[in-house]
Amino acid sequence: MLSECQGSTLMVTQITHPSKISHERVWKKLKMASSLFLVSLFFSFHNNKTLGKLKMSAGNLLNEVCVYLGQVIDYITYAYNTFLSIIFLRVFKQQPFQVHLPTKTFHPAVLVTGTSSGIGRNTALTLAIRGYTVFATIRREEDAKELQETFKQFENPKGGSLHTLIMDVTKKDDISNAHMAVRSHVGREIPFIGLINNASFVKYLPLEVASEDAYAESFNTNFFGIVNVTKKFLPLLRENRGRVINIGSIASWEGSPFMGVYASTKAAVRALTRIWRMETRSTGVHFSLIEPGIISTRLSDQIIENYRSFTSFPSNSRYYAIPHSITSNVIKSYENMYKMVGKWSESFIINAAPPDIVTDAIVHALTAPFPKNTYYVGLDARFLATLNWLLGDRISEAVQVKALTLQ
Ligand SMILES: NC(=O)c1ccc[n+]([C@@H]2O[C@H](COP(=O)([O-])OP(=O)(O)OC[C@H]3O[C@@H](n4cnc5c(N)ncnc54)[C@H](OP(=O)(O)O)[C@@H]3O)[C@@H](O)[C@H]2O)c1
């Protein structure tokens, strides 16, 4: 099912869903946020009454500084990547990648999966506002209508469009129908140039008590969903030397206890992206992997909610299959550990970065003449990736174990 929506000309700034980050704003914001942060710190030492309030605003400012600092680091890495790419392309005598930038009269097409909320929604709206023909796949009709209504409220100077397609990435018929709808819409005038595999299923639970359903649903959505959607759309992408952008997670490198099922799907996505990129290089199709840290979305809200409301593992959930051989002591220790992880991770999740920073990386992967192979998004993701690279997994595991008093 295909529904279409052409954006109207209201102000973009009133609604915060699409990415607001632009290159010019980064330095300005960074400078402003750091000065405000220093001023509030100064006042907090001189005025006890406003201490609490200022502490809060200092915290918010610190978050803002982190976001924009992350952006500055991103731009430095983009420049370094471009420099390296130019050298490598020369040495290995390879063709540069094709760039298809939208204009007022040219609206290349992209497909984004899982656009009802979070990163997918932000990306679909941002790309449509930037002039792309966006096919936003979504599971429910009401979410599709809501997304189109939202898009209508934005200024749309380049005349981009947003078409919603009902698609569950685990259903091959849905994928075929979506492919047919896209195929009939694109062509020489509207080349299909990008696939963004974003949809994901997330459950945090101990590996030993996770049911087959939990493993199957996670891999069917996060891994086989990407395999099947990509296989279907790859011929269209090949026609235009397009790009595939897979949304992974830093959890593939540095997972915490109970993230095992999810993290292993994302580790599989990392391997898949790397190999597929090499296999399609000669056809001009490029694969990028985006590995964000913690991002503030419905997913992170649900994780906090699950931790907060947790008392014990439910016996009536299809995602749990507690083997009879496990003693109640072992279950109890898993449950205590779960509470500890919840307490520990809540402060990180509450201060998570906005989805805009992921959208920004996606836009780079889609439009840069030299897209990066892997994007670590957010300061936490960069820090964890660097830690893993420098020290290996032994130290970070030891720190986590100590922090969770598991030993
Ligand atoms: N948020 C984070 O901290 C974080 C960190 C690292 C990586 N990521 C990755 O970022 C991506 C987006 O996550 P998010 O944070 O934006 O989460 P989100 O707000 O929960 O969005 C997930 C999207 O995936 C869709 N989806 C789930 N199962 C699907 C299926 N079988 N078929 C089609 N769509 C399906 C959901 O649709 P429904 O509304 O129909 O369920 C929703 O639109 C995911 O790949 C996630 O693993 C997120």
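**Entry 1: ground rules**

I begin with burial: a residue is buried if 20 or more other C-beta atoms lie within 10 Å of its own, exposed if 12 or fewer, and partly exposed in between, with C-beta atoms placed from the backbone. I tried this on phenylalanine 287, which counts as buried because it has 24 C-beta neighbours inside 10 Å.

I keep in mind that this is a predicted model, where local features need pLDDT of at least 70, side-chain atom pairs count only at pLDDT 80 or more, and totals for chains, interfaces and linings use all residues. My residue numbers run from 1 along each chain as its sequence is written.

**Entry 2: the chain as a whole**

I looked up the secondary structure and found eleven helices and eight strands in the chain. Helices (H or I, at least four residues) and strands (E, at least two) are DSSP runs, numbered from the N terminus. Of the 407 residues, 37% count as buried.

For contacts, I take two residues whose C-beta atoms, placed from the backbone, lie within 7 Å. Among contacts between residues at least 6 apart in sequence, 79% join residues at least 24 apart.

**Entry 3: strands β2, β5 and β6**

I call two strands paired if DSSP finds at least two bridges between them. Strand β5 (residues 192–197) pairs with β2 (residues 109–112) in the parallel sense over four bridges. Four bridges also join β5 to β6 (residues 243–247), and these two run parallel as well.

Isoleucine 196 made a handy marker for me: valine 112 stands opposite this residue of β5, and isoleucine 196 in turn stands opposite isoleucine 245 in β6. One more pair I noted is asparagine 197 opposite asparagine 246 of β6.

How many residues of β5 are buried? I found six of its six buried. In β6, five of its five residues are buried. Arg243, Ile245 and Ile247 point one way from β6, while Val244 and Asn246 point the other way.

**Entry 4: back to phenylalanine 287**

I placed phenylalanine 287 in strand β7. Leaving aside neighbours within four places in sequence, I listed its contacts as Val244, Asn246, Thr273, Trp276, Arg277 and Thr280. Isoleucine 275 is twelve residues from phenylalanine 287 in sequence and 9.3 Å away in space, C-alpha to C-alpha.

**Entry 5: helix α7 and two loops**

The buried residues of α7 are Val261, Tyr262, Ala263, Thr265, Lys266, Val269 and Thr273. I see these packing against α6 (212–239), β6 and β7.

I also checked two loop residues with positive phi. Arginine 241, in the loop between α6 and β6, has a positive phi of about 50° although it is not a glycine. Arginine 241 is partly exposed, because 18 other C-beta atoms lie within 10 Å. Phenylalanine 258 lies in the loop between β6 and α7, and its phi is near 80°, again a positive value in a residue other than glycine. Phenylalanine 258 counts as buried because it has 21 C-beta neighbours inside 10 Å.

**Entry 6: helix spans and kinks**

I take the expected span of a helix as 1.5 Å times one less than its number of residues. The 21 residues of α7 (residues 260–280) should span 30 Å, and its end C-alpha atoms are 30 Å apart, so the two agree. For the 23 residues of α9 (residues 328–350) I expect 33 Å and find 32 Å, which agrees.

What does α11 (residues 379–403) span between its end C-alpha atoms? I get only 20 Å, where a straight helix of 25 residues would span 36 Å.

I then looked for bends, each being the angle between axes fitted to the seven residues ending at a residue and the seven starting there. There is a kink of about 115° in α11, centred on glycine 392. α9 has a kink of about 30°, centred on tryptophan 344.

Asp380, Ala381 and Leu384 are buried in α11. What covers the buried residues of α11 includes β7 (286–292) and β8 (374–377).

**Entry 7: around the ligand**

I count a residue as near the ligand if its C-beta atom, placed from the backbone, lies within 6 Å of it. I found 27 residues surrounding the ligand, and the closest are Gly114, Gly118, Ala199, Ser200 and Thr297. α3 (118–129) and α8 (298–308) each supply at least two residues of this shell.

Which classes make up the shell? I noted nine nonpolar, 14 polar and four charged residues. Here Ala, Val, Leu, Ile, Met, Phe, Trp, Tyr, Cys and Pro count as nonpolar, Asp, Glu, Lys and Arg as charged, and the others, Gly among them, as polar.
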